[in-house]
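Work through the exercises below with the sequence and the model side by side. Each task is followed by a solution in steps.

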Amino acid sequence: MMHSPYEVDRTPRRQRRGRAIAMAGLAGAAMSLAGTAVAGTSASAADTHAAAVAAFKPVKVPKSKIKIALIPGGPNVYFAPWGLAAQALSKQLGVTVSYVVPPTPTFEPSVETSTIDSLVAKGYNAFAIFPDGESSIIPVYQRLINRGIPVIDLAGCTSDPTPALLCYATNVEASATYETQILDKAIGGKGDIAFLTGLLTDANTALREKGVENAVAATHGKVKLAQVVSNIDSPSAAPPAVESLLASKGAELKGMLSTDYYPSVAAASILAKNKQFRHVLFIGQDNSPTVMDAIKAHDIYGTMYQNSYGQGIVGGTWLYDMVAKGCTVRANAPFTKIPGTARFVNSGYFFVSQKAVSQYIGKPENIPSNTSQVLAATSKYLACP
Amino acid sequence: MSQVLRAKWLPLLAATVVAGIVLGIETKSFGASFNVYVILQTAAFDAVVGLAQMVVLAVGDMSLAVGGIGGLVTIAIGNAVDVHHWPVGAAVLAGLVLGTICGVVNGVVIARTQLSGFIVTLATGSAFTGIAYGVTSAIPYSSVPSSIVSLSQGRASFFPYLLLVAFGATALVGAALRWLPDGRSVLAVGGNRDAATLSGLSRSRALVVAHGSSGLLAGVAAVMYMGVLQSATPATGTDWLIISFAVPIIGGTALTGGEASSVGGLIAAVVLATINDALIVLNVNTNAVEMAEGLLILAAVLAGQVGRLAGLQGRAHETGRPGSRRRRAAGAAAGGAGLDPVAR
């Protein structure tokens, strides 16, 4: 006979009652806000939602039974530093912190949800998750929260009113704006640029494009976004797309930027081999060896670093505080409001230049200063008894 | 000459050439040397991936493991070079042997269990991909030998060196299906399994040959991809599925087996690469790219049917009749010329 991992709840009655009250609040807030985008919600609705989240009391778990899971969307090099973070946290906190990759190279939501179900059945009691698909993951979040299991979004956010307690991720719109501003400056403040990006179905792609457009608009026509090439974040789609772009617009383009992994690798590799496009300054994303080597050789201008290692560290630490100490999320925490959610914490980004690249080669994506700043400010985000 | 005129891919090629000339006149950059190189390089990749599927379609089966094998071979070569410091030749050879073994395993399992290739390769393809990700923890190997990079990105004016690989693979597969006994068996079994068996042909052997060849070709495609990205990533092959079917089918290979056209596949690869390139050269709105790509592929397929509808391809049309399948199988068994129309 099959049992759902959520079927049996053996927690004390008092805790269950407390959670039930909190859940009623969360559900009420969710119902009242359902179908309403954050951008359009009133301050009071957002406050109600924040209060409902703050009312959530995670079940305290004895240290020997704490099992924290960091779950990426699927096997992807971006998330690899989470594995290192999980190892570091296990050692530092003395509890089980696991980096569990759903076996879906295509980031199938159903595979991710079944992975979470399996982990709950194995006794995992705190989750930091990169959400593959919002509509399918939110009911799973809700079931976890109903059991008193804390869930946070990591590296990607679900939209309010989400049951996720908070979202710790790169502010992709701001990062894209910053990246474009650097490129604009590098090309002398005027000229045509092109933007290479990922899946149109990924909500982050729209935010990144908006970020690029904002920076371009701020130049008042001096810099023109000549072309956007999207849906190319895969090993076989990126190279021909980048080459076709250079073939058609290489002569006019002064700059090019990417916010995704494979277009960055492809552009770095192609620019290194085709010196006739040397005048096209390129800023990539992340730290693949191909990109880092191309920066070192001055074949490309630089790359944007994200803080995936820090995401694992902060996510795991805050989940530990919740299940070990019973900490709750503060209603008045200094969250950033971004499109989609009002409970966002920026995990950081920065630009790696040709001058600085040597010190970052071979190291995991990491911004220690941001990680330590956020951890130092834990008391502003979590209320611990 | 008459065979060329009857070829299903001829109208497709004609339509592509006309479209290319129009685009070349409309946009100066389309006909530029570097852009032609880009199209031909992409076509070379796609053609080899398509061949990997075509040989399995020819035997009346299908493989969902082409991408998985590609990913595994990529990682095997990357690991051999990056971690174990093997010479590049030995690493590539080992990778190609591994790809062939993976394909043979598929063929043996399908032949022994009598299960559909769809089910078996769905499972093994997933397993191969899983191994590739498991071995690497999703982190690519970056020490791709310069000789592979030079092969993948090298060119003489507009002619990519990779196209030589695609030409070679196309010629070898076409010749094998036409002239080698095992190749003719593959087509015969694909055309009519029962008749082929009654004629004394081994379906099991044909399946193993087809899937083994598919694995080898997937390995060749993997090597080609490694050089472009200058990294051996386990994500290689994750998006090969559609292109692997689109290339042979648009090129005239029958989904039901018994009929294959390696040259048609090569032409189809050029068509698909031209479409992808044109959408970027023409700066088609990002939201309209998917729709435009679909409509253009449909137009290409319809162009491929023009000749048939005009009655130019009598023999090709003939191969679709049940009677002709029997004749092909009987011809194959007798070592005769009954397969001429199906292996082009």
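**Exercise 1. Confidence in chain B**

Find which helix of chain B has the lowest confidence and which has the highest in this predicted model.

Solution. Step one: the low end is helix H15 (residues 314-318) of chain B, with a mean pLDDT of 38. Step two: the high end is helix H5 (residues 88-113) of chain B, at 97. Step three: set these against the whole chain, where the mean pLDDT of chain B is 85 and 86% of its residues reach 70 or more. Step four: look along residues 313-342 of chain B, where the pLDDT is below 50. Beyond near neighbours in sequence, this stretch still has 62 contacts in the model. For the complex, the predictor gives an ipTM of 0.82 and a pTM of 0.82.

**Exercise 2. The contact between the chains**

State how many residues each chain gives to the contact, and describe the side that belongs to chain B.

Solution. Step one: chain B gives 35 residues and chain A gives 33 residues. Step two: on the side of chain B, the elements that supply two or more residues are H3, helix H6 (117-136), helix H11 (203-229) and helix H13 (262-281) of chain B. Step three: H3(B) has the largest share of that side, 5 residues. Step four: by class, the side of chain B that touches chain A has 16 nonpolar, 17 polar and 2 charged residues.

**Exercise 3. The largest nonpolar core**

Locate the largest nonpolar core and explain why it lies between two domains of chain A.

Solution. Step one: this core has 223 residues, and those with the most contacts inside it are A:Phe127, A:Ile152, B:Val48 and B:Ala221. Step two: helix H3 (residues 33-58) of chain B gives the most to the core, with 18 residues. Step three: domain 1 (15-170 + 308-348) and domain 2 (172-306) of chain A both give residues to the core, so it lies between them. Step four: take B:Val48 and list its partners more than four places away in sequence; B:Val48 touches B:Val165, B:Ala166, B:Ala169, B:Leu217, B:Val220, B:Ala221 and B:Met224.

**Exercise 4. The two domains of chain A**

Give the distance between the centres of domain 1 and domain 2 of chain A, then describe their contact.

Solution. Step one: the centres, taken over C-alpha atoms, are 32 Å apart. Step two: the contact takes 8 residues from domain 1 of chain A and 9 residues from domain 2 of chain A. Step three: the side of domain 1 divides into 4 nonpolar, 4 polar and no charged residues.

Terms used
Residues are numbered from 1 along each chain as its sequence is written. Chains are lettered from A and ligands numbered from 1 in the order in which they are written. This is a predicted model: local features need pLDDT of at least 70, side-chain atom pairs count only at pLDDT 80 or more; totals for chains, interfaces and linings use all residues. Domain bounds come from an automatic or database domain assignment. Two residues are in contact if their C-beta atoms, placed from the backbone, lie within 7 Å. Ala, Val, Leu, Ile, Met, Phe, Trp, Tyr, Cys and Pro count as nonpolar, Asp, Glu, Lys and Arg as charged, and the others, Gly among them, as polar. A nonpolar core is a set of buried Ala, Val, Leu, Ile, Met, Phe, Trp, Tyr and Cys residues joined through C-beta atoms within 7 Å. A residue is buried if 20 or more other C-beta atoms lie within 10 Å of its own, exposed if 12 or fewer, and partly exposed in between; C-beta atoms are placed from the backbone. Helices (H or I, at least four residues) and strands (E, at least two) are DSSP runs, numbered from the N terminus. pLDDT is the predictor's confidence in each residue, from 0 to 100.
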